[in-house]
Each structure stands twice: as C-alpha cells, then as structure tokens.
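Student: I am new to this structure and should like to learn how to read it. May we take its features one at a time?

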Amino acid sequence: MTSSAAQTPGAALYETSGLVDQYLEFHYGPEALGVRNFPAACVEAIMKAIGPGSRDRCLDVGCAVGRSAIELARQFSHVDAIDYSAGFIAAAVQLQDAGSLDFRVPTEGALTVDRQVSLADLQATELASRIVFTTGDACDLPADLTDYDLVFAGNLIDRLYEPRLFLTAMAERIQPGGWLAITSPYTWLEDYTPRQHWLGGYTDAAGQPVTTLTGLTAVLAGSFSLRHRQDVPFVIRETARKHQHTLAELTVWQRL
C-alpha cells in the first residue's frame, strides 16, 4: 500500500490530540442540540434501506474512532474498519482492548471537562471482537479487503485526494447484490482534494452546475444502482457553546 501523505496536505490535521478528542466526543459523547448520534443514526438508516440479506462481512472505510464499526458489528459477523489517521485508529484500538477510554473536551478557553466511553455502557463488550481496526489509504486499499456484503464510507468522499480511485475499486470489493453506503456533506476543499478530482460542486465547460450526486452516479454507473437517498444531520461539538451543525446526504447503492 502506498502512502498518500504527499498527496493529502490536510491529512496532518487528523493527527492532533485535540481533534482525536473532538471525534471521540462526536462518536461517543452525549447528543447535542437534539440531534441523534451520527454513526448510530447512519447505520440504522442503512440497515433499514438494504433490508434483509447476507450479514457476513462489512468494511467501514473512514471509520475514525470506531463508533460506526461498533454499530455495524451489531449487524455483521465481521467488520474491517480502516482509517488514514493513526491517531483515530489508536483510540479505537485502545477502547477495543481496554474496554473503556478517557478523553477530555473543551468547555471554554482553557477549561475542559473529562469524559469516558465504555464498551459496557454501549452494550458492545462482546461485539468488539468482531472488528479489526487498521490504518490505511481509502484510495489504495489492500487486496485482501474484498468479498463484502456492505461497504460504508462515512463522511469520506470529500476528504479523499482522488475519490474516483476509491469508488471504481468498490465493484471489486463488494459481492454482487451487496451494498455501498456513502454519507457526505459534499464540502469540497482543495486542502484535501485537488479541484480536478472533485466529483461535484463546480460548473462544467458549458457553464452547467455539476452536483456531487451527478458525479457519484457517473462513476458508479454500470456497477451500482442508487436505491436510497436521505439527509442525516450531525453535530460536532467545539466548546460547550459552539457546535457545527451539518447535513450529510446518505446514498445507498446496490452492486449489480
């Protein structure tokens, strides 16, 4: 697997301790502003959309600190969970191994509050053994990550240096009849994705707007069919009185 560090200048952001704590709060902290826990809400919506079927192998790409992998482990026998950030994966593995994890989030200025996440509180103590956490590049996944019934890419697409590489590889990773679930707020930034690799959020040569859904459909056509769309809100806490409130679009695609 090749490194994308030189191609992804924004990647260093994900290795700061403050951001790891922020994502632990996002994944495991109390609900904020009346909005449900995002990873749990996504998995619930995905399972409702795909209905009954094989529940053997699942891949969670961009798993961050692991809550979506835990929720997927409630549904699947085995979950491979991968993220580019070594800091995120280290936190997920520490929780998996120790059963609990302490972290700290800011309230105002230099003041903080202590938090703890526990697998027992999540009723996930036994589920953790179904998950394998690893660091890796979503655009250059290991060859053995294949034969999946579901691949979940949570808020990942608009943070990849070349998202088409990831998407085109999915036909080889997912079983026929299996599923690809993508969430994203479509926040395209050149800090993460060179403009020529954006899937949407621009005008074409004729001056017509190109949306990310249009770009996703163009890349996935021939191998996947869009089966479901919905908005899923999420809130990221910055301080006790400052939050990011965002809408991600969930699209669910079936492998042909």
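Student: How many residues in the lining of the second largest pocket are nonpolar, polar and charged?

Tutor: Please bear in mind that this is a predicted model. As a general idea, empty space is revealed by rolling a probe the size of a water molecule over the atoms. In this case the lining of the second largest pocket comprises eight nonpolar, three polar and five charged residues. The space in this pocket amounts to about 180 Å³. The lining has 16 residues, and those closest to the centre of the pocket are Glu 25, Pro 30, Glu 31, Ala 32 and Val 235.

Student: Which elements give two or more residues to that lining?

Tutor: They are α1 (17-28) and β10. The most is given by β10, with four residues.

Student: In what order do the strands of the open sheet lie?

Tutor: In general, the strands of a sheet pair through backbone hydrogen bonds, in either a parallel or an antiparallel manner. Here seven strands form an open sheet with mixed pairing, in the order β5-β2-β1-β6-β7-β11-β10. At the edges are β5 (131-135) and β10 (224-239), each of which pairs on one side only. From one strand to the next, the twist averages 15 degrees.

Student: Which helix packs on the sheet and touches β10 and β11?

Tutor: Helix α2 (residues 38-50) does so, and it also touches β6 (148-154) and β7. The direction of α2 makes about 165 degrees with that of β10. Another helix, α4 (residues 86-98), lies across β2 (78-83) and β5, running at about 155 degrees to β5.

Student: Are β10 and β11 parallel or antiparallel?

Tutor: They run antiparallel, and 14 bridges join β10 to β11 (residues 242-255). As an example, Phe 224 has Arg 255 in β11 as its bridge partner. By contrast, β1 and β2 run parallel and are joined by five bridges. There, Arg 57 has His 78 in β2 as its bridge partner.

Student: Why is strand β1 described as largely enclosed by the rest of the structure?

Tutor: Four of the five residues of β1 (residues 57-61) are buried, and the strand is therefore largely enclosed.

Student: Is Thr 183 buried or exposed?

Tutor: A residue counts as buried under 20% relative accessible area. Thr 183 is therefore buried, because its relative accessibility is 0%. This residue belongs to strand β7 (residues 174-184). Beyond its neighbours within four places in sequence, Thr 183 contacts several residues, including Phe 38, Cys 42, Phe 152, Leu 156 and Leu 250.

Conventions:
Residues are numbered from 1 along each chain as its sequence is written. This is a predicted model: local features need pLDDT of at least 70, side-chain atom pairs count only at pLDDT 80 or more; totals for chains, interfaces and linings use all residues. Side-chain values use heavy atoms; hydrogens and water are left out. Buried means under 20% relative accessible area, exposed over 50%, partly exposed in between (1.4 Å probe, protein chains only). Contact means heavy atoms within 4.5 Å. Two strands pair if DSSP finds at least two bridges between them. Axes are lines fitted to C-alpha atoms, for helices over the stretch in contact, and angles run from 0 to 180 degrees between N-to-C directions. On a 1 Å grid over the protein atoms alone, a cavity is a set of points where a 1.4 Å probe fits but cannot get out, and a pocket is an open set with protein on both sides within 12 Å along at least five of seven lines; lining residues have an atom within 4 Å of a point. Grid points are joined across faces, edges and corners, and a volume is the space filled by probe spheres set on the points. Ala, Val, Leu, Ile, Met, Phe, Trp, Tyr, Cys and Pro count as nonpolar, Asp, Glu, Lys and Arg as charged, and the others, Gly among them, as polar.
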